Amino acid sequence: MGVKGLQSFVERCCPEACVTVNLREMARQHVAKNQQSCTSTANITSPTLVVDGMSCLCHWYSCMNWVCGGQWKEYIDVLKNWVEAFTSAGIELVFFFDGVVEEQKRPEWVKRRLRVNRDIVKIFNHIKEHGEQPGKQLSCLPSALATFTPLALRSLGQEVFCSVREADYEIASYAHQHGSLGILGQDSDFIIYDSAPYLSVAKLRINSLTTVMYDRQRLCRNIGLTVTQLPLLACLLGNDVVSEEHMQNIRHNAMAAYRRTNPAPYSGPPQGQVVLAVAQFVRSLYVSEKEETGLVPHSLNISSSERELLKKGICSYFTPGHKDYELVDLSAPPCAFEKHVSPEIFKACREKHVAAKGFMVYSVVCAGVTECSSSLEDEEDKELLPQAIVYKLCRQRVYGLLLLRKDGSSVDVPAIREWFVFPGNPLKEADTVHPVPINIPCGQPSLDLLWFSSGPEVSALRLVAFLTVFDCLDYSDLQGEIEDTLLAALCLITYIILQTWHEMGVAVAQW
């Protein structure tokens with residue numbers, strides 16, 4: 001979400017903070033600066049640009065077709081050309097993608113998903129009326145693009161990370177610690193972090209490698225604040241930690257005070273006046289030099305719970321090296337199912353997750369929760385089952401492989417909370433889903449055995465477990481006879497057909 005109204009304010013009301021830059025020239029200057037400060041050429045590193053992958057998806061996917069699932073090969077070519085434009089300029093790229101949804105942001109996540117669902121209804125209405133996909137005003141990214149893009153970038157030899165906490169924070173921290181050339185994205189939180197320069201992916205011209213840099217120092221001069229006061233401004237305006245509603249009264253009072261001190265009619269955008277008013281209010285809190293130091297000025301008249309919330313929001317912007325960095329909660333979340341998985345499994349889950357070598361498993365094992373965003377599904381078509389329902393049994397068997405004991409004990413069986421978006425699900429709360437054991441002759445296999453052991457017998461067991469998840473054990477003889485990709489597609493299609501028949505049979509029996 002970023003900071004409410006700040007991005008548009010900078011672009012529309014603070015043009016001096018929007019600086020057009022050439023990334024090739026920035027890279028050249030970066031190298032020259034490093035050469036001056038390094039005593040050995042061996043210590044000189046290539047300029048690195050940290051890329052917010054989630055912000056880039058809508059800019060990367062420029063393929064004509066999207067409503068039928070997307071053009072994967074064409075999309076890969078787009079990514080390849082995009083990466084080559086930077087590497088040809090001597091710029092290395094490091095990509096970050098959202099790996100978790102923090103519980104404090106779940107309400108905002110739900111709000112966005114429901115908004116996308118309303119757009120999907122409009123998309124299907126357009127298709128039914130016109131017989132073709134709508135134009136850009138109603139375009140929607142292909143389902144699971146955010147899941148598969150990290151894998152595509154890895155196949156292109158790029159360094160990719162999935163976050164284990166808020167991705168914006170990990171991006172800003174990485175860029176700060178590694179002295180990166182900049183952060184390429186489209187999220188106003190990057191103006192607030194005192195990290196590398198924030199560069200716009202929306203304004204990027206890939207052929208010339210020019211874009212707009214949002215200069216936080218010039219922004220501060222415009223609104224009369226210091227860089228250290230920006231986190232408080234962000235929290236009062238509303239961000240992912242402190243919702244817009246929480247500080248509504250403060251903004252209302254700030255607006256009233258601003259209009260008294262600035263009686264001349266304001267001709268700019270309404271949100272611009274809000275930013276100026278809140279900035280004036282923040283300045284007033286620090287007028288007295290006798291003001292006690294602290295994250296939240298004592299002169300700010302708010303409740304203790306609101307003060308704690310503001311402290312949490314302000315701390316969320318402190319990257320390593322900040323003088324108050326020790327206030328940041330860096331404690332790793334406990335493993336939700338430590339009784340059911342070994343420390344080695346948990347460690348491997350985290351490593352694979354961070355390296356973008358998998359998805360879903362880490363959040364299931366660590367937090368006991370997983371989610372799936374909106375898919376292009378017509379809520380008025382009652383004959384087609386939502387994908388979340390079709391694949392539910394498959395997921396339950398995967399949960400069984402991850403969490404159920406080898407002895408099949410039903411004692412203290414874990415439950416997973418699923419936030420899956422599909423027609424008819426209001427997302428009021430998570431669905432509680434229990435693991436299901438896989439039914440193979442040798443019994444429930446040990447996850448440690450499947451992951452860490454080797455040899456032909458273990459390889460055969462992995463194949464049997466995979467095929468059983470999809471009810472396709474009869475296909476075991478095809479392994480090696482056809483390409484693995486074709487075998488996987490065959491299993492998927494077979495599973496969909498079997499599950500659709502099963503659900504239809506259940507519906508008929510109930511009727």
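In the predicted model, helix H2 (residues 23–37) lies across four strands. These are S1, S2, strand S6 (198–200) and strand S7 (210–214). Relative to S1, helix H2 runs at about 75°.

The strands under H2 belong to an open sheet of seven strands. Its order is S1-S7-S6-S5-S2-S3-S4, and the pairing is mixed. Strand S1 (18–22) and strand S4 (159–162) form the edges. Each of these two pairs on one side only. On average, neighbouring strands are turned by 30° against each other, direction ignored.

Within this sheet, strand S2 (residues 48–52) pairs with strand S5 (residues 182–185). The sense is parallel, and the pairing runs over three bridges. One position can be named on each side: Val-50 has Ile-183 in S5 as its bridge partner. In general, strands of a sheet pair through backbone hydrogen bonds, either parallel or antiparallel.

A helix–helix contact was also examined. Two packed helices are described by the angle between their axes and the distance between the axes. For helix H1 (residues 6–13) and helix H9 (residues 216–223), the axes come within 12 Å. They cross at roughly 80°. H1 is therefore roughly perpendicular to H9, since angles of 65 to 115 degrees fall in that class. On the H1 side, the contact involves Leu-6, Phe-9, Val-10 and Cys-13. These meet Leu-219, Asn-222 and Ile-223 in H9. Six of the contact residues are nonpolar and one is polar. None is charged.

Terms used:
Residues numbered from 1 in each chain as written. Predicted model: local features only at pLDDT ≥ 70, side-chain atom pairs only at ≥ 80, totals over all residues. Heavy atoms only, no water. Axes fitted to C-alpha atoms, helices over the stretch in contact; angles between N-to-C directions. Parallel < 35°, antiparallel > 145°, perpendicular 65-115°, else oblique. Contact = heavy atoms within 4.5 Å. Nonpolar A, V, L, I, M, F, W, Y, C, P; charged D, E, K, R; others polar. Pairing = 2+ DSSP bridges.
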